[in-house]
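This report describes selected local features of one protein model. It covers helix faces, backbone turns, charged pairs, cysteines and cis peptide bonds.

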Amino acid sequence: MLVNELEYWYLTPTPMANESISHFMGRFRRENQLSVSMLATITGLGGAIARWEKFRFNPPPTQKELEKLAEFVRLDTKDLQLMLPPQGTGMKLEPIRLCSSCYLESPCHQIQWQFKTSDRCFIHNLTLLSECPFCGARFRIPSEWEQGKCHRCFTPIQQMIAFQKKLKFSVTE
C-alpha cells in the first residue's frame with residue numbers, strides 16, 4: 001500500500017548492460033536517498049535486499065520477490081533477472097572484483113565478475129582486480145560505490161587499468 005502511495009516519487013536509474021543487482025540497488029537507493037533498511041521495509045522484502053547487495057543468493061530470489069522489487073523500482077522482472085547470476089552459477093562473495101577497462105566503457109559493477117568461474121575479464125582478457133593497486137584497500141560491495149573511486153585513496157577506477165595483467169591465453173584459443 002505504501003508503494004502505491006509514493007509510486008511516482010521514486011526515480012529509477014536506467015540499468016546498464018551486465019550491471020549487478022548490488023550496483024543497481026546502490027544507485028537506486030542513492031538517487032532516492034534510501035537506506036537499505038528503509039528500502040527493505042517499504043518493499044516488504046526485509047533482509048533480502050541486504051543479502052542481494054552482498055551477492056548472497058541462497059536462497060535465490062523468488063519470482064514473487066522479484067515482482068515486488070520490479071514494481072517498486074519500475075522495471076520489468078526480466079531486467080532484474082539479468083542483474084542476477086544464471087541459475088546454478090556460484091558466486092564469489094569476497095573479494096569484490098572488477099575490470100577497470102570495462103568500467104571505463106560502462107561505469108558499473110558487472111555481475112559476471114563475481115561468478116566463481118570468472119578468473120579474468122572475458123572481454124579484455126585481463127586479470128580482475130580485487131583491491132586498489134595504489135593503497136591495497138579491498139573494494140567495497142558495489143552498492144556502496146558512489147563516485148567510481150577507491151574509498152580509501154580516492155584513485156579513480158579508470159586509472160587502475162595499468163595494473164591489470166594481460167593473460168597469455170584467451171578463452172577462445
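Just after helix H3, Gly44 takes a positive phi of about 80°. The model is a predicted one. Helix H3 itself spans residues 36–43, and its residues Leu39, Ala40, Ile42 and Thr43 are buried.

Helix H5 is also followed by a residue with positive phi: Arg74, just after H5, has a value of about 60°. Within H5, residues 63–73, the buried positions are Leu66, Leu69, Ala70, Phe72 and Val73. Viewed down the axis of H5, these buried residues fall within an arc of 165°, so they line one face of the helix. In general, an α-helix has 3.6 residues a turn, so residues three or four places apart point the same way.

Two loop residues also have positive phi. Gln33, a residue other than glycine, has phi near 50° and is found in the loop between H2 and H3. With a relative accessibility of 70%, Gln33 counts as exposed. Phe55, again a residue other than glycine, has phi near 65°. Phe55 sits in the loop between H4 and H5, and is buried, with a relative accessible area of 1%.

The loop between H4 and H5 also contains Pro59. The peptide bond from Asn58 to Pro59 is cis, with omega near 10°. Another cis peptide bond joins Glu94 and Pro95, where omega is about -10°. Pro95 lies in the loop between helix H6 (77–82) and helix H7 (100–105).

**Charged pairs**

Side chains of opposite charge can pair when their charged atoms come close. The structure holds 3 salt bridges, listed here with the N to O distances.

| Pair | Closest N and O atoms |
|---|---|
| Arg27 and Glu19 | 2.8 Å |
| Arg29 and Glu53 | 2.8 Å |
| Asp119 and Arg120 | 3.1 Å |

Which parts does the pair of Arg29 and Glu53 tie together? Arg29 lies in helix H2 (residues 21–31) and Glu53 in helix H4 (residues 48–53), so the salt bridge ties together parts that are 24 residues apart in sequence. Arg29 is buried, with a relative accessible area of 12%, and Glu53 counts as buried at 2% relative accessibility.

Arg27 and Glu19 are both buried. In the pair of Asp119 and Arg120, Asp119 is partly exposed, with a relative accessible area of 48%, whereas Arg120 is buried, with a relative accessible area of 15%.

**Cysteines**

How many disulfides does the structure hold? The number is 0. Cys102 is in no disulfide, and its nearest cysteine sulfur, that of Cys121, is 3.5 Å away. A disulfide would need the sulfur atoms of the pair within 2.5 Å. At 1% relative accessibility, Cys102 counts as buried. Cys135 is likewise in no disulfide; the nearest cysteine sulfur is that of Cys150, 3.5 Å away. Cys135 is partly exposed, with a relative accessible area of 26%.

Definitions and conventions: Residues numbered from 1 in each chain as written. Heavy atoms only, no water. Buried < 20%, exposed > 50% of the residue type's maximum accessible area, 1.4 Å probe, protein only. Helix = DSSP H or I, 4+ residues; strand = E, 2+ residues; numbered from the N terminus. Arc of directions from axis to C-beta. Salt bridge = Lys/Arg side-chain N within 4 Å of Asp/Glu carboxyl O.
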